[in-house]
Amino acid sequence: MFSETIELRGHIIDSLILPKVLDQILTHGGNFKITEVQIGRKRADQSFARIEVSTETGEALDELILRLRQQGAEVIERANAQVVAAPADGVFPSEFYVTTNQQTFVRVDGKEIEVTPGIINSAIAVDQKKETARAVKFFDVKKGDAIVVGHQGIRVVPVQRTTTRTDPFQFINNIVDAEEPKSAIIREIAEELRRARSAGGKIAVVAGPAIVRTGAGGYLVRLIEGKYIDRLFTGNAFAAYDVERALFGTSLGLNPDVAIVRGGHENQLRAINTIREAGGIARAVHEKILMSGIMHASVQHDVDIVLIGAIGDEGPIPGVTTDVIECEKILREKLRDVTHVILLATLRYSLAIGAFLANNVKTVCVDIDRTAVERAVERQPLQSIGLVTDVEPFLRELADNLATR
Amino acid sequence: MNAVLQSKIQRRMRQMLLCPPDYYGIEYEINPWMSIAQAAEVSVAQEQWKQLHATLSKLCTVNLIAPQPGLPDMVFTANAGLTVGRKFIPSNFRHKERAGEQPFFAKWMAQHDYEVEWLPEKLYFEGEGDALFGNDVLFCGYKFRSDIQSHRAIAEMLRCLVISVELVDPRFYHLDTCFCPLPDGGGFWFPSAFDEYGQRAIREHMTDLIDVAPEEAMHFSCNAVVIDRDIVLPEGAPQLVSSLQERGYRCHPLSMTEFIKAGGACKCLTMFMPQREAID
């Protein structure tokens with residue numbers, strides 16, 4: 001998208017210049033946003049309007065601006081972004097610009113380029129020849145890369161809150177507390193997931209081990225079977241508990257189906273060992289060693305499983321990435337096309353994911369701890385719903401809602 | 001006291017500026033009417049101008065500025081500038097062929113005790129040709145000759161409401177070629193010389209507009225001088241004359257053929273001084 005800011009002054013209301021300019025923008029395929037307007041109070045008072053004009057191509061913008069100039073529009077000259085070469089691999093120049101998760105454009109040689117992906121806490125590397133601007137992490141930057149410094153020539157476009165109530169993510173936008181009713185909002189979320197599935201959206205679930213330990217795994221399996229999950233982000237522990245439950249009926253020694261404790265911690269290690277012996281989860285499924293559970297369902301229904309490791313992990317299970325830099329690269333890549341994310345009972349993973357989410361990704365966060373929900377939701381202020389609740393009743397109700405039609 | 005003088009006093013002695021056509025001729029082409037191949041008949045042009053001068057002299061006080069060699073269009077004094085009260089805003093001509101007229105007009109007005117107030121140089125504005133008052137609203141044309149940006153400056157200088165209207169037919173390149181306000185709040189015009197927004201803006205600010213037929217508009221019928229109930233206009237607009245007479249106006253049709261060859265007629269050959277009194 002290419003854009004310029006224009007200003008109109010004079011008797012632009014009585015002369016119908018303002019409506020004419022807005023009509024011309026639309027009839028020439030552009031869009032506008034009136035950022036400021038002052039209407040003269042007395043007859044001789046002049047009026048003022050500042051309008052952001054945008055078009056799909058740079059040529060269309062040039063042509064449109066030429067027309068608008070004839071109507072008295074003055075173009076506000078915007079400076080190009082300043083760039084400085086990165087001094088060394090993995091080091092940004094001082095004063096480097098740090099991205100937010102809002103849609104961002106940088107002006108290079110008078111042209112606006114969108115920064116991709118639209119992720120938070122990155123620097124911006126500009127390739128003038130290719131006319132690209134990338135959000136880069138420390139591990140991306142190479143000595144000599146052109147990195148944007150300062151704030152000049154940068155335009156941030158916040159996500160607009162819609163005025164209609166068609167999108168639950170934009171009108172609810174609040175955290176639903178532990179003592180508040182949740183059925184209505186879970187119905188809305190179910191409806192949104194249905195819409196996303198039929199519209200070709202990509203739904204990711206970020207799952208914490210509490211899902212397995214509370215016995216909510218079966219509901220997640222129902223979502224997987226219903227094709228509501230395209231990608232499953234989780235950790236070694238989650239996979240291990242799930243496999244343990246599938247193989248031994250316990251997770252970390254607890255059987256959620258009965259009140260009395262049986263077995264012990266050794267079940268988890270035996271489960272991990274079984275998967276290691278089989279050569280991975282997928283092979284364990286194919287060889288019918290692993291016959292149930294979330295991992296099993298994911299393999300059976302082609303859910304893309306992304307396993308990220310952590311200190312203290314037993315094993316790990318084959319397929320878990322343990323190098324943290326490698327993990328970041330994988331997260332960025334695997335979140336690029338995601339449209340919806342459901343963060344379930346995992347604060348640490350939720351925050352890591354948040355660092356790679358574009359601002360237009362719709363997010364649901366469920367956690368029993370309000371602080372965890374707050375921290376996850378604040379990253380996506382206009383696109384997120386937080387629910388403070390045990391994950392088991394949430395998943396049960398969601399699965400029931402999605403099964404009804 | 002003779003009748004003419006009495007009439008002038010009754011009209012509060014409206015004053016006009018004219019320039020004799022001593023050096024008038026088609027020497028360049030800066031509008032679709034002009035063709036070097038189709039020269040104006042000098043003697044006929046002079047006779048037509050004398051008729052105009054004589055007609056106007058009965059209706060108001062006519063002032064003359066000395067014509068200058070090499071400035072054939074100086075005869076079209078409407079483009080000298082815009083006079084309101086004792087303030088004179090000189091034109092900034094778009095075409096270099098006419099730019100040389102500006103200092104002569106400014107000097108003459110200053111010598112006659114008008115306060116000369118200049119527009120920024122980069123803003124094109126062609127005076128009364130593109131700026132006509134309808135009551136207290138100043139209608140200003142733009143695109144072919146004047147820039148819309150100049151309208152804003154004019155509005156600030158005069159502290160009045162300016163309605164900017166876009167001209168879209170190159171044959172009607174100045175506002176006074178297609179629009180003529182009348183003292184009763186109405187006016188006559190050739191609507192298709194304006195874009196739809198200009199048409200709407202004019203309709204919203206004027207009552208009783210007479211639409212001039214295309215064949216009559218082509219005779220420069222809108223290029224008329226209105227002095228109270230008298231209207232001096234080019235020949236060739238019987239329908240318009242009849243409409244104006246119905247509204248109680250006296251019409252004085254004049255032959256203007258030699259000036260129409262340059263894209264001008266009665267109004268282009270005159271500038272009010274002032275067009276209206278200062279705005280409170």
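These legends go with four close-up views of a predicted model.

**View 1. The largest nonpolar core, with 104 residues.** Start with Leu138(B), Phe139(B), Cys222(B) and Cys266(B), the residues with the most contacts inside this core. Strand 7 of chain B, covering residues 137-142, gives the most to the core, with five residues. There's also a second, separate core of 98 residues, and Leu193(A), Leu223(A), Ala297(A) and Val320(A) are among its members. In soluble globular proteins, nonpolar side chains tend to be buried together.

**View 2. Phe139(B) and what it touches.** Leaving out residues up to four places away in sequence, Phe139(B) touches Leu132(B), Gly134(B), Ile163(B), Val165(B), Leu175(B), Phe179(B) and Ile202(B).

**View 3. Ile34(A) in strand 2 of chain A.** This strand runs over residues 31-38. Is Ile34(A) buried or exposed? Ile34(A) counts as exposed because just 12 other C-beta atoms lie within 10 Å, and 12 or fewer is the cut-off for that label. Now find Arg50(A): Ile34(A) and Arg50(A) sit 16 residues apart in sequence, yet 5.9 Å apart in space, C-alpha to C-alpha. Ile34(A) also touches Ala49(A) and Ile51(A), again skipping residues up to four places away in sequence.

**View 4. Helix 6 of chain A, residues 217-225.** Which residues of this helix are buried? They are Gly217(A), Tyr219(A), Leu220(A), Val221(A), Leu223(A) and Ile224(A). Their cover includes strand 13 (203-207), helix 5 (210-213), helix 7 (236-248), helix 10 (293-300) and helix 14 (391-403), all from chain A. Just after helix 6, look for Lys227(A), which takes a positive phi of about 65°.

Notes. Residues are numbered from 1 along each chain as its sequence is written. Chains are lettered from A and ligands numbered from 1 in the order in which they are written. This is a predicted model: local features need pLDDT of at least 70, side-chain atom pairs count only at pLDDT 80 or more; totals for chains, interfaces and linings use all residues. A nonpolar core is a set of buried Ala, Val, Leu, Ile, Met, Phe, Trp, Tyr and Cys residues joined through C-beta atoms within 7 Å. A residue is buried if 20 or more other C-beta atoms lie within 10 Å of its own, exposed if 12 or fewer, and partly exposed in between; C-beta atoms are placed from the backbone. Helices (H or I, at least four residues) and strands (E, at least two) are DSSP runs, numbered from the N terminus. Two residues are in contact if their C-beta atoms, placed from the backbone, lie within 7 Å.
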